[in-house]
Amino acid sequence: DDLVRAVNGGVIPEDTAPAGWQERITQGRFDGKTIIVTGAASGIGRATASRIVREGGRVVAVDISAEKLEAVAAGFPEGRVVAVAADVTKQADIDRVIAAAGDRIDGLANVAGINDDFSPIHETSDETWDRVIGINLTGVFRLTRAVVPSMLQAGKGSIVNISSEAGLRGNASGNAYTVSKHGVVGLTRSAAFMYAQQGIRVNAVAPGGVATGIPFPPHVSETGSARLQPFQAAIPSLATAEQLAASITFLLSDDGVNINGAVLPSDGGWSVQ
Ligand code: NAD
């Protein structure tokens, strides 16, 4: 909570989900399955890893921050999480992730992402563009490329990519971020179409506002600012990372059996406007 407060100007969401909804979950949708989750040391990735473990799965938890990852992994039951400190932009790191996963990879959640530059196009540097596209889009491509061979061999697999409200339309987030998240939608649809006959499903989740470590654009995170009000009015509610994990694991699991190539908004209704 302190991290969220620090990066998001004091904004903490009111949890509008029905009280106790998480405690009532009893499904074992990931029994015996191995799922790779990137961005697992924080926010949505961490909540997704936690939900998968809670439902019987083994998680290969990937994050660039070795320190945060170790702390998070220590909180999971012995043997259920393999922590791999890795940068999704580096192929050698991805090779280590695949080696850690072993022969069987049932699923991949591409959650790692950054949003740290809110420049308009005419002020966007090459460095920002390459860095944001490199992590948010090329990283998703590289991980997908790495897991597909074993999924093809198994004749099944499920991949969930994290896009954004910013992947659906023009957005107050930075230019490179908005483009990267549109790219994730394109990659999702392309892969879904390509592997549909071979049992691999590829879907995307498009979160609205979620209280995590990732910063909101400055003009929406100024607490008490008049400029925050239209943003708050536009978003029915800020979600928690656990609410996003519920959407991601729905698509990752066999519950999503007939869903392929979909981009599921998980935003409390923001995108219907
Ligand atoms: P977060 O900052 O809490 O978590 C992101 C994690 O990704 C961090 O642990 C970070 O260390 C890791 N990461 C960053 N670069 C990496 C790299 N090169 N290799 C491996 N790991 C790396 O943020 P979050 O809100 O949980 O974000 C998760 C995803 O959700 C992102 O793709 C983000 O764009 C997307 N998203 C978030 C929101 C929101 O409001 N929080 C809204 C829409 C989309």
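**Exercise 1. Determine what share of the chain is buried and how its elements and contacts are distributed.**

Solution. Of the chain's 273 residues, 44% count as buried. The model under study is predicted. Next, the secondary structure is listed: the chain holds nine helices and seven strands. Finally, contacts between residues at least 6 apart in sequence are considered; 74% of them join residues at least 24 apart.

**Exercise 2. Describe how strand E1 is covered and which way its residues point.**

Solution. Strand E1 spans residues 34–38, and five of its five residues are buried. The criterion applied here is 20 or more other C-beta atoms within 10 Å of a residue's own. The side chains are then sorted by direction: Thr34, Ile36 and Thr38 point one way from E1, while Ile35 and Val37 point the other way. Both groups are buried.

**Exercise 3. Identify the strands that pair with E1, and state the sense of each pairing.**

Solution. The first partner to examine is strand E2, residues 58–63, which pairs with E1 in the parallel sense over five bridges. Within this pairing, Thr34 has Arg58 of E2 as its bridge partner. The chain passes from E1 through H2 to E2, forming a β-α-β crossover that is right-handed. A further partner is strand E4, residues 107–110, which runs parallel to E1 and is joined to it by three bridges. In this pairing, Val37 stands opposite Ala109 of E4.

**Exercise 4. Locate the residues with the most contacts to other members in the largest nonpolar core, and examine Ala61 among them.**

Solution. The largest nonpolar core comprises 66 residues, of which Ile36, Val37, Val59, Ala61, Val62 and Leu244 touch the most other members. Helix H5, residues 126–154, gives the most to this core, with eight residues. For Ala61, residues up to four places away in sequence are set aside; the residues that Ala61 then touches include Val37, Ala40, Ala49, Leu69 and Val84. Val37 thus appears in several steps: as a buried residue of E1, as the residue opposite Ala109, and as a residue touched by Ala61.

**Exercise 5. Characterise the shell of residues around the ligand.**

Solution. The shell contains 28 residues, and those that come nearest to the ligand are Gly39, Gly43, Gly113, Thr212 and Gly213. Sorted by class, the shell has 12 nonpolar, 13 polar and three charged residues. As to the origin of these residues, helix H2, residues 43–54, supplies the largest share, namely three residues. Helix H2 is also the helix through which the chain crosses from E1 to E2.

Key:
Residues numbered from 1 in each chain as written. Predicted model: local features only at pLDDT ≥ 70, side-chain atom pairs only at ≥ 80, totals over all residues. Near = placed C-beta within 6 Å. Helix = DSSP H or I, 4+ residues; strand = E, 2+ residues; numbered from the N terminus. Nonpolar A, V, L, I, M, F, W, Y, C, P; charged D, E, K, R; others polar. Buried ≥ 20, exposed ≤ 12 C-beta atoms within 10 Å, placed from the backbone. Pairing = 2+ DSSP bridges. Right-handed = clockwise from strand over helix to strand, strands pointing away. Core = buried A, V, L, I, M, F, W, Y, C linked by C-beta atoms within 7 Å. Contact = placed C-beta atoms within 7 Å.
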